[in-house]
Amino acid sequence: MRGSCIWSFLTLIGTVSISEDGNGMITGVYLPCSNLPPMDQYETDALMEAARQINQYLAGKRMEFDLDLRYDGSDFRSRVMEELNRIPYGEIRTYKQIADAIGYPNSMRAVGTACGDNPLPILVPCHRVIPSAGGIGNYSGGIALKRRLLELEGVRID
């Protein structure tokens with residue numbers, strides 16, 4: 001069995017890299033211009049499947065992902081990630097709605113921080129979360145990419 005590895009591939013948004021833990025669990029998605037962690041580079045079945053699904057999503061041919069994901073962190077962050085995965089394709093939620101849904105109604109900023117630290121952007125759709133006060137909010141891949149992903153899903157934020 002191999003250890004953690006990373007693989008880079010070309011997409012409609014540029015070069016994306018994905019990592020896995022050596023057991024077939026996807027552990028990271030690195031958007032264009034991200035700094036990559038030092039890992040062995042090679043293809044695995046799990047990485048090739050994740051790349052295939054990401055490319056299908058970006059081409060408008062996939063609305064959900066069917067991958068084994070691993071995100072480590074506190075109970076709070078795990079709850080945020082699980083709630084993000086419940087946001088349907090083409091819908092948005094506010095940081096406040098996520099905080100309420102996980103039982104921490106006054107933790108909007110902490111939800112925002114968890115979204116910003118999301119190790120699996122696109123696969124765990126933090127791009128579907130916006131501020132209650134309006135606007136599009138921030139995104140680890142940049143606001144232009146967040147807008148592009150939302151528009152791909154038919155959501156327009158002015």
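## Burial and salt bridges in a predicted model

In this predicted model, what covers the buried residues of helix α2 includes α3 (95-101), α4 (108-116) and β6 (129-130).

Q: Which residues of helix α2 (residues 75-84) are buried?
A: Residues count as buried when their relative accessible area is under 20%. The cover over the buried residues of α2 includes the helices α3 and α4 and the strand β6. Within α2, the residues that are buried are Phe76, Ser78, Val80, Met81, Glu83 and Leu84.

Q: In what order do the elements of the chain run from the N terminus on?
A: The chain is built with 5 helices and 6 strands. Read from the N terminus on, these elements follow the order β-β-β-β-α-α-β-α-α-β-α.

Q: What radius of gyration does the chain have?
A: The C-alpha trace spans about 45 × 30 × 25 Å along its principal axes. For 158 residues, a compact globule would be expected to have a radius of gyration near 15 Å, and the chain agrees with this, having 15 Å.

Q: How far apart in helix α3 are Asp100 and Lys96?
A: The side chains of Asp100 and Lys96 meet in a salt bridge, with 2.9 Å from N to O. Asp100 is partly exposed at 40% relative accessibility, and Lys96 is partly exposed too, with a relative accessible area of 29%. An α-helix has 3.6 residues a turn, so residues three or four places apart point the same way. In helix α3, Asp100 and Lys96 are separated by about one helical turn, being apart by 4 residues.

Q: Are Arg128 and Glu153 buried or exposed?
A: Arg128 and Glu153 join their side chains in a salt bridge of 2.8 Å, N to O. This pair links distant parts of the chain, 25 residues apart, with Arg128 in the loop between α4 and β6 and Glu153 in the segment after α5 (143-152). Because a relative accessible area under 20% means buried, the values of 5% for Arg128 and 7% for Glu153 make both residues buried.

Q: With which residue does Arg156 form a salt bridge?
A: Arg156 counts as exposed, at 61% relative accessibility. Its partner is partly exposed, at 37% relative accessibility. The closest N and O atoms of the pair are 3.1 Å apart, and the partner of Arg156 is Glu151.

Q: How many salt bridges does a search of the whole structure find?
A: Side chains of opposite charge can pair when their charged atoms come close. The chain has 16 positive and 19 negative side chains, and a network of salt bridges links Asp21, Arg70 and Asp72. Across the whole structure, the number of salt bridges found is 10.

Conventions. Residues numbered from 1 in each chain as written. Predicted model: local features only at pLDDT ≥ 70, side-chain atom pairs only at ≥ 80, totals over all residues. Heavy atoms only, no water. Buried < 20%, exposed > 50% of the residue type's maximum accessible area, 1.4 Å probe, protein only. Helix = DSSP H or I, 4+ residues; strand = E, 2+ residues; numbered from the N terminus. Contact = heavy atoms within 4.5 Å. Salt bridge = Lys/Arg side-chain N within 4 Å of Asp/Glu carboxyl O. Rg over C-alpha atoms; globule rule 2.2 N^0.38 Å. Lys, Arg positive; Asp, Glu negative; His and termini not counted. Charge placed at Lys NZ, Arg CZ, Asp CG, Glu CD.
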